[in-house]
Amino acid sequence: MTEPQDLSAALAPVSAGRATVRLEAGRADVVLDVTGLAPETRDALEAEVRSAAAALPGVAEVRVLLTSERRTRRILAVASGKGGVGKSTVAANLAIGLARRGIKVGLVDADIYGPSQPKLLGVEGVKPQARDKVLLPIETPFGLKMLSMGGLVAEGQAIAWRGPMAGGALGQMVDADWGDAELLVLDLPPGTGDVQLTMIQKHKPAGAVIVSTPQDLALIDATRAIDLFNKAGVPIVGLVENMAGYCCPHCGGVSDPFGSGGAEKAAGAMGLPFLGRIPLAMAIRSASDAGTPPAAGDTESSAAFGALADSVSEWLKR
């Protein structure tokens, strides 16, 4: 006849210390901690534990209760005060860069009305599934999972939602089953409206990266975004100057159609870190359109994103 200690010993190598057992009148009750496990891993572990317990002499019934602690993940917001500054491209490449540095990253395309991450990450047309009414993020070819409204609606369909519906959609994506992800990068929509306020109130980020182009008009709006995060007590990781300098592929000359150094000067004036410049490069544009983000490779155009990921990674270690 099997004793409780026999049951514990039989399940120990299978459960890796995740099982707590009780044996009474031929019934084995197993409490199994599945915190941080992906759905397929969780199901496989439950089946193995159930099988190992049922194989013991005198065990007529096996009951398995799954428990999981709510994982605390840090959220990193990538924001801008206005559209058209390349925020989504920066967010995608930053997330990939962080993943390549060993951080378990998930990417939330929180730009509800203009989702672009499916195209940037080469997963257009891939729809996420759900388990027990919880979304399951889709896998990308670049070492991170992603959720976007672009994967939940038909291509080209307008998302005509008022603020509460958009905020609810953002909440479902943030609260999805992210498995062992320790950091969520949020690609926020431009501006300082309902979606941003909902995110800050319900899912307070650990920090915010602000993206701007060098010209004064973009910096005015970036300053408003910074003010919003400051008022909410969200630390500013720093400013990124995007589209900073264009190198002509024919003559090699460098010009500055949007100006030069504006974001760095603004960061200095506000006492904020300057995280670096991303050039206005044809290679970045073409790679992004093709769904092959530069940060996933080791080309000349990936260097700026690598430096950005290094800076943010160091900030996250604080």
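Select helix H9 together with helix H3 (87-100), helix H4 (117-120), strand E15 (274-278) and helix H10 (303-316): the buried residues of H9 pack against these four elements. Please note that the model on display is predicted.

**Stop 1: helix H9**

Now restrict the selection to H9, residues 282-289, and display the side chains of Ile284, Ala287 and Ser288, which are buried. Look along the helix axis. These residues span an arc of only 100 degrees around it, and therefore lie on the same side of H9. Continue along the chain past the end of the helix to Gly291, where phi is positive, near 75 degrees.

**Stop 2: helix H3**

Next, select H3, one of the partners of H9. H3 consists of 14 residues, and the distance from its first C-alpha to its last is 20 Å, close to the 20 Å expected at 1.5 Å a residue. Is H3 mostly covered or mostly open? It is mostly covered, with 13 of its 14 residues buried. Gly102 follows this helix and has a positive phi, near 90 degrees.

**Stop 3: helix H8**

Move to helix H8, residues 262-270, and colour Gly262, Ala263, Ala266 and Ala267, which are buried. Why are they on the same side of H8? The reason is that the arc they cover around the axis is only 135 degrees. Then colour Lys265, Gly268 and Ala269 differently: these residues are exposed, on the other side of H8. After H8 comes Gly271, with a positive phi near 70 degrees.

**Stop 4: the sheet of E1, E2 and E3**

Select strands E1, E2 and E3. They form an open sheet of three strands in the order E1-E2-E3, and the pairing is mixed. Strand E1 (19-24) and strand E3 (61-67) are at the edges; each has a single partner strand, so one side of each lacks a neighbour in the sheet. From one strand to the next, the twist averages 15 degrees.

Strand E2 covers residues 27-33 and pairs with E3 in the parallel sense, over seven bridges. As a general point, strands of a sheet pair through backbone hydrogen bonds, either parallel or antiparallel. To examine one position, display Asp33 and, opposite to it in E3, Thr67.

Now add the helices that pack on this sheet. Helix H1 (residues 4-15) touches E1 and E2, and its direction makes about 150 degrees with that of E1. Helix H2 (residues 39-54) touches E2 and E3, and its direction makes about 150 degrees with that of E3.

**Stop 5: strand E4**

Proceed to strand E4, residues 74-79. Five of its six residues are buried, so the strand is largely enclosed by the rest of the structure. Which strands should be added beside it? Strand E10 (residues 183-187) pairs with E4 in the parallel sense over five bridges, and strand E11 (residues 207-212) runs parallel to E4, joined to it by four bridges. For a view of each pairing, display Ile75 with its bridge partner in E10, Leu184, and then Ala79 with Ile210, which stands opposite in E11.

**Stop 6: Asp221**

Finally, select Asp221, located in helix H7 (residues 216-231). Is Asp221 buried or exposed? Its relative accessibility is 15%, and it therefore counts as buried. Display its side chain along with that of Arg224: a polar contact of 2.5 Å joins the two. Apart from neighbours within four places in sequence, Asp221 is in contact with Gly81 and Lys82.

Methods
Residues numbered from 1 in each chain as written. Predicted model: local features only at pLDDT ≥ 70, side-chain atom pairs only at ≥ 80, totals over all residues. Heavy atoms only, no water. Helix = DSSP H or I, 4+ residues; strand = E, 2+ residues; numbered from the N terminus. Buried < 20%, exposed > 50% of the residue type's maximum accessible area, 1.4 Å probe, protein only. Polar contact = N/O pair within 3.5 Å; in protein donor to acceptor, adjacent residues only side chain to side chain. Contact = heavy atoms within 4.5 Å. Pairing = 2+ DSSP bridges. Axes fitted to C-alpha atoms, helices over the stretch in contact; angles between N-to-C directions. Arc of directions from axis to C-beta. Expected span 1.5 Å × (residues − 1).
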